[in-house]
Amino acid sequence: MLWGLQRTGLLILSRLSGWPLLTDPATPLHIREIMSADTINLTADPNRVPHPAVTGEKPPLEILLCAPRGFCAGVVRAIDVVERALALYGAPVYVRHEIVHNKYVVETLKRKGAVFVRELDEVPDSGAPVIFSAHGVAKTVPQNAVSRGLTTIDATCPLVTKVHREAEIHHKRGRHVLLVGHSGHPEVVGTMGQLPKGSITLVEDIEQIDALNPPPEQALAWVTQTTLSIDDTKHIVEALKAKFPGIHGPHKDDICYATTNRQEAVKEVAPRVDALIVVGSSNSSNSQRLREVAERAGCPITRLVLRAEEIDWDAFKDVRRLGLTAGASAPEVLVEEIIDAFAARFDVTVDQVSVTIEDMSFPLPRELRSEAA
């Protein structure tokens, strides 16, 4: 289906015949199997029938499709945890908070028997398992689950767990931890909950750094939320290092590979289009950051939408080149839906712009691996 392949450094521009086969053939087989339609039906439909040929009455529209986009390895793992738990234990299984920040994914899993709760006190003593979301939880949550005798399965993204471990190591070495992140985000709540109260301070912006006045003898360290803007975080970390030259940081950046790759793809596409759409939920941090990255790259119209029904068509009536990407928790089927909606109104061609190829995968939690086999 791909033709006219061009490569410049890591940048790949490819045209998709029709509009389009969106499943990336470069995705490793094991990830494609996990994301296949026979599990959750959230990926591109291989039997999808394109719209009939356009008549010429529609204005032309070129869509530049960002790659990588959509599901990351941590999201694939989290969704598969719920699927495997349902297969092993039967419905219902309980999930504390949204397993990932995407309403379409959550509603799909609800229909399969997953019950989403805010706190453990909503879970009955029925023997049904409780799954912790990909964003991670404070230490008190699994402790409370154990005290109630609940069966728990941890779907925390391994890259979030890495940040938790870093924070714990810094604390054990006597360092006060500064967490760069957004207040109230579940990942931030979970990371702060790894350490005793008063041992970790949230830093949301450069202005807050001015108010930090630890004792001169206090050693410091910094960690970050994994879904932040690369550029924003860089400026905050530079300000921390300038004020506290001896501050300790992670051995490897905490911002996850998927966040980085999706933002880099948007930076490549955004200056070249009249408008850019990010497919994702409004409560998805990494999706919101993609929209902000597009704005800063000079794209005049940027929108975050979950479904095609949310598109303000008046804003796009004069657009002739559209950028399209998806947050790390947004399924490919919703990208298809957006393209179909534009194809009903425009004479659409689709070009894919790829900045790298992802091959990351994470194993299931130990208690589900035998079922996976």
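This passage looks at the aromatic side chains that pair up in the structure above, which is a predicted model.

A pair of aromatic rings is described by the distance of the centres and the angle of the planes. On that basis, the count for this model comes to 3 aromatic pairs. One of them is formed by Trp313 and Phe342, whose ring centres are 4.7 Å apart. The planes of Trp313 and Phe342 meet at 65 degrees, an edge-to-face arrangement. Trp313 belongs to helix 11 (residues 313–316) and Phe342 to helix 12 (residues 332–343), so this pair ties together parts of the chain that are 29 residues apart in sequence. With a relative accessible area of 21%, Trp313 is partly exposed, whereas Phe342 is buried, at 1% relative accessibility.

Phe342 also pairs with Phe316. Here too the geometry is edge-to-face, with 5.6 Å from centre to centre and 85 degrees between the planes. Phe316 sits in helix 11 and Phe342 in helix 12, and this pair links distant parts of the chain, 26 residues apart. Both Phe316 and Phe342 are buried.

Taken together, these rings are part of a wider group: Trp313, Phe316, Phe342 and Phe346 form one aromatic cluster. A charged neighbour completes the picture around the tryptophan. Arg345 lies over the face of Trp313, at 3.9 Å from the ring centre. Trp313 is thus worth finding on screen from two sides: its ring pairs edge-to-face with Phe342, and its face has Arg345 lying over it.

Terms used
Residues numbered from 1 in each chain as written. Predicted model: local features only at pLDDT ≥ 70, side-chain atom pairs only at ≥ 80, totals over all residues. Heavy atoms only, no water. Phe/Tyr/Trp six-rings, centres within 6.5 Å; stacked < 30°, edge-to-face > 60°. Helix = DSSP H or I, 4+ residues; strand = E, 2+ residues; numbered from the N terminus. Buried < 20%, exposed > 50% of the residue type's maximum accessible area, 1.4 Å probe, protein only. Lys NZ or Arg CZ within 6 Å of the ring centre and 35° of its normal.
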